[in-house]
Amino acid sequence: MNFKPVQILSVGMSVPETVITNDDLTKILDTSDEWISTRTGIKQRHIANGDENSTLFGIKAAQDALNKAGMNGEAVDAIIAASSNPYNIYPSTGCAIQDAIGAKNAIAFDITVACTGMIYALELGRSLIATGKYKNVLLVATDTNSKFLDWSDRGSCVLFGDGAGAILITESQDGIDDIIALNINANGSMGKFIAMNLIGENCPLVDPATEGCKKITMNGKEVYKFVVQTMPESIMTCLKDANLEPKDIDYLVPHQANLRIIEGLQNRLEFNDDKVIVNIDKYGNTSAASVPIALCEAIETGKIKTPSKAILCAFGAGMAWGSAVVRLREGLNQK
Ligand code: ACO
């Protein structure tokens with residue numbers, strides 16, 4: 001497909017201030033820092049307070065991306081918000097962000113692709129730019145998983161954290177495309193392995209007891225098996241489409257779901273530690289926000305140097321998964 005070239009202008013992020021360590025969790029669960037650290041790589045996670053929500057962090061991450069690009073909200077033409085646990089089903093998180101950042105000229109809408117939300121948003125964002133009708137597109141991924149976790153299920157609640165990330169893209173003026181290749185996938189037959197039901201329990205015909213619960217349920221083993229097979233395939237397809245080999249890539253910015261999965265990808269690509277961005281120890285799995293948070297933080301701490309090429313990849317409920325080979329231009333996030 002012939003896309004108009006896209007430039008990545010900036011990356012923003014926002015996380016709650018409150019931090020919950022593994023040791024904190026031992027006070028409410030039969031678990032240990034040793035189990036969580038060795039199985040997942042997670043040491044702590046940021047968790048939203050009662051009056052904080054996905055919309056709030058989405059707004060902050062969006063504003064951060066705009067500030068870093070030196071752009072005013074009025075210049076934004078479209079906002080795509082990816083969230084699996086939005087504060088409202090409607091008005092959409094996208095519309096709330098539009099209002100808060102003064103993007104009065106922008107269309108705004110939400111997508112639900114769980115942890116793969118930002119990779120799907122990149123595909124949709126570049127498709128909007130390809131039409132020629134939209135120039136500046138703001139992609140925001142925001143999740144407050146903590147509000148939907150089953151805090152009595154030690155197999156899932158220890159894995160997640162809250163936060164938001166944003167990527168601002170625009171039509172490239174120099175003909176160079178920063179989205180070199182992109183590969184997204186879905187397999188609905190795997191849906192039962194990670195789920196969060198939203199039951200309309202107000203109707204007298206609905207018995208909440210038989211309809212399930214509004215809590216995240218996960219079969220970690222099945223997810224793990226699926227991901228270690230499909231994620232490398234997606235990355236390799238993406239590299240092939242980009243006409244590149246692993247050695248041509250400077251960084252892997254993977255979804256921060258489990259350190260073992262990340263290490264498996266690292267081995268497959270034969271990357272040394274310097275090329276793999278890991279911050280799961282600090283944030284846990286922040287769903288769709290995980291990749292942009294990892295990217296933003298790595299650029300700002302100097303772990304990622306520009307200009308460079310990176311693989312972004314994510315997987316999650318759906319199942320949905322995908323990857324992108326992107327160019328990170330010199331000076332990205334330096335304004
Ligand atoms: N603390 C202590 N023990 C625990 C904990 C805990 N937090 N959780 C589970 N255990 C116990 C289990 O009860 C079990 O005990 P048993 O052997 O006595 O029955 C034992 O540890 C092993 O449990 P498993 O579930 O088999 O552990 P596993 O090695 O599979 O690791 C994990 C679990 C970390 C969840 C892993 O399966 C995983 O990371 N899967 C992938 C999950 C993922 O990536 N999800 C991303 C998508 S999220 C989204 O899209 C919303």
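**Loops, a salt bridge and a ligand shell**

User: Where is proline 307 found, and what makes the peptide bond between threonine 306 and proline 307 notable?

Analyst: Proline 307 is found in the loop between helix 11 and strand 12, where helices are DSSP runs of H or I with at least four residues and strands are runs of E with at least two, numbered from the N terminus. The bond that joins threonine 306 to proline 307 is cis, with omega about 0°. This is a predicted model, in which local features need pLDDT of at least 70 and side-chain atom pairs count only at pLDDT 80 or more, while totals for chains, interfaces and linings use all residues. Residues are numbered from 1 along each chain as its sequence is written, and side-chain values use heavy atoms, with hydrogens and water left out.

User: Which other peptide bond is described as cis, and what is unusual about phi of serine 287?

Analyst: The bond from glycine 318 to methionine 319 is cis, with omega near -10°, and methionine 319 belongs to the loop between strand 12 and strand 13 (320-328). Serine 287, in the loop between helix 10 (280-283) and helix 11, has phi near 55°, which is positive although the residue is not glycine.

User: Why is the pairing of lysine 68 with glutamate 300 called a salt bridge?

Analyst: The term requires a side-chain nitrogen of Lys or Arg within 4 Å of a carboxyl oxygen of Asp or Glu; the side chains of lysine 68 and glutamate 300 meet at 2.6 Å, N to O, so the pair qualifies. Lysine 68 lies in helix 3 (residues 54-69) and glutamate 300 in helix 11 (residues 290-300), so this pair ties together parts 232 residues apart in sequence. The structure holds 13 salt bridges.

User: How do you know that glycine 220, lysine 221 and asparagine 258 make polar contacts with the ligand?

Analyst: A polar contact is a pair of N or O atoms within 3.5 Å. A backbone N or O atom of glycine 220 lies 3.0 Å from a ligand nitrogen, and a side-chain N or O atom of lysine 221 is 2.6 Å from a ligand oxygen. For asparagine 258, a side-chain N or O atom is likewise 2.6 Å from an oxygen atom of the ligand, so these pairs meet the cut-off. The ligand exposes 1,000 Å² when taken alone, and the protein buries 73% of that (Shrake-Rupley areas, 1.4 Å probe).

User: What makes a residue count as near the ligand, and which element supplies the largest share of the shell?

Analyst: One of its heavy atoms must lie within 4 Å. Of the 24 residues around the ligand, Thr31, Arg39, Lys221, Asn258 and Ala317 come nearest. Helix 8 supplies the largest share of the shell, four residues, and the elements giving at least two residues each include helix 2 (33-40), helix 8 (220-241) and strand 12 (308-316).

Methods: A polar contact is a pair of N or O atoms within 3.5 Å; within protein, one must be able to donate a hydrogen and the other to accept it, and residues adjacent in sequence count only if both atoms are side-chain atoms.
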